[in-house]
Amino acid sequence: MSSFSNPDIVSGYAARTAQLVPGLHDLHLMTGLLLAERAPADARVLVLGAGGGMELGVLAQMQPHWRFDGVDPSAEMLQLARTNLGAQASRVAFHEGYIDSAPEGPFDAATCLLTLHFLPEEERRQTLRAVQQRLKPGAPFVAAHHSFPNEGAELDKWLTRYAAFAAATGAPISLTANGIRTMKERLPVLSPAMDETILRQAGFSNIELFYAGFTFRGWVAYKS
């Protein structure tokens, strides 16, 4: 995750992510719709992994009276979020760090998009428990990240599909090759079944898959 302090990585984040994540804008739109099913019109929303501000921008546009707490370990990515949000940044309290840097809440809803796949399994468990503890009872939580069968031939098959999508959207060949190597060597990707198990163990219920795009999966769940 230290690469998110690299100026070149930060400046090209939005364009690069759109090339790598199928239906990225629609993922953000669906996230807003799912949160709004239960969150009130004046909701306070926790956004974990808020750097860049992409989902914050969509959510702020969809819900003009929501207020946000955005958490990210990269100061550079948080600054990018402030810049991209413009006047809407006044509705966001930014916190540099990890989940322990977030206020205790309680929040009406929470999101964690394209972030959890960076965390080893035990750290992921701890993070999800901490998110759950900051939510009001019944509050919705949306998570989306790399999640696919991660052993043997299945691993190679899904990574090849990921690379093919990136190449088809115009991502540089070197980027797709580096992406595959990085995911194999460094990303602690879990299977969808294990991701759902961890959500359940963290205290979430009614876990529903709402998004699947090659190597990415997205769920909505609720604080028990």
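What radius of gyration would a compact globule of 224 residues have, and what does the chain have? A compact globule with that many residues would come out near 17 Å, and the chain has 17 Å, so the two agree. Keep in mind as you look around that this is a predicted model.

**The whole chain**

Let's start with the overall picture. The C-alpha trace spans about 45 × 35 × 25 Å along its principal axes. In terms of secondary structure, you'll find nine helices and seven strands. Of the 224 residues, 51% count as buried. Now take the contacts with a separation of 6 or more: 73% of them come from residues 24 or more positions apart.

As for the outside, the chain exposes about 10000 Å², with carbon and sulfur atoms supplying 53% of that. Charges are there too: 19 positive and 22 negative side chains, with the centres of the two sets 1 Å apart.

**A look at helix H6**

Helix H6 covers residues 121–133. How far apart are its end C-alpha atoms? They are 18 Å apart, and since 13 residues at 1.5 Å a residue should span 18 Å, expectation and model agree.

Quite a few residues of this helix are tucked away: Arg124, Arg125, Thr127, Leu128, Ala130, Val131 and Gln132 are buried. What covers them? The cover includes strands E1 (44–48), E4 (109–113), E5 (140–146), E6 (204–213) and E7 (216–223), along with helix H9 (192–201).

**Two residues to zoom in on**

Gln132 and His146 make a handy pair to click on. Here is where they sit and how much of each is accessible.

| Residue | Element | Relative accessible area |
|---|---|---|
| Gln132 | helix H6 | 13% |
| His146 | strand E5 | 4% |

Is Gln132 buried or exposed? It is buried, because its relative accessible area of 13% is under the 20% cut-off. Leaving aside residues up to four places away in sequence, Gln132 touches Ala202, Gly203, Phe204, Lys223 and Ser224.

His146 is buried as well, because its 4% is also under 20%. Which residues does His146 touch, again skipping those up to four places away in sequence? They are His117, Tyr162, Met183, Leu187, Val189, Asp195, Thr215 and Phe216.

Phe204, one of the residues that Gln132 touches, also gives you a distance to check from His146. The C-alpha atoms of His146 and Phe204 are separated by 20 Å, and the two residues are 58 residues apart along the chain.

Notes. Residues are numbered from 1 along each chain as its sequence is written. This is a predicted model: local features need pLDDT of at least 70, side-chain atom pairs count only at pLDDT 80 or more; totals for chains, interfaces and linings use all residues. Side-chain values use heavy atoms; hydrogens and water are left out. Helices (H or I, at least four residues) and strands (E, at least two) are DSSP runs, numbered from the N terminus. The expected span of a helix is 1.5 Å times one less than its number of residues. Buried means under 20% relative accessible area, exposed over 50%, partly exposed in between (1.4 Å probe, protein chains only). Contact means heavy atoms within 4.5 Å. The radius of gyration is taken over C-alpha atoms; the globule rule is 2.2 Å times the number of residues to the power 0.38. Accessible areas come from the Shrake-Rupley method with a 1.4 Å probe; for residues, only the protein chains shown count as cover. Lys and Arg count as positive and Asp and Glu as negative; His and the chain ends are not counted. The place of a charge is taken as NZ of Lys, CZ of Arg, CG of Asp or CD of Glu.
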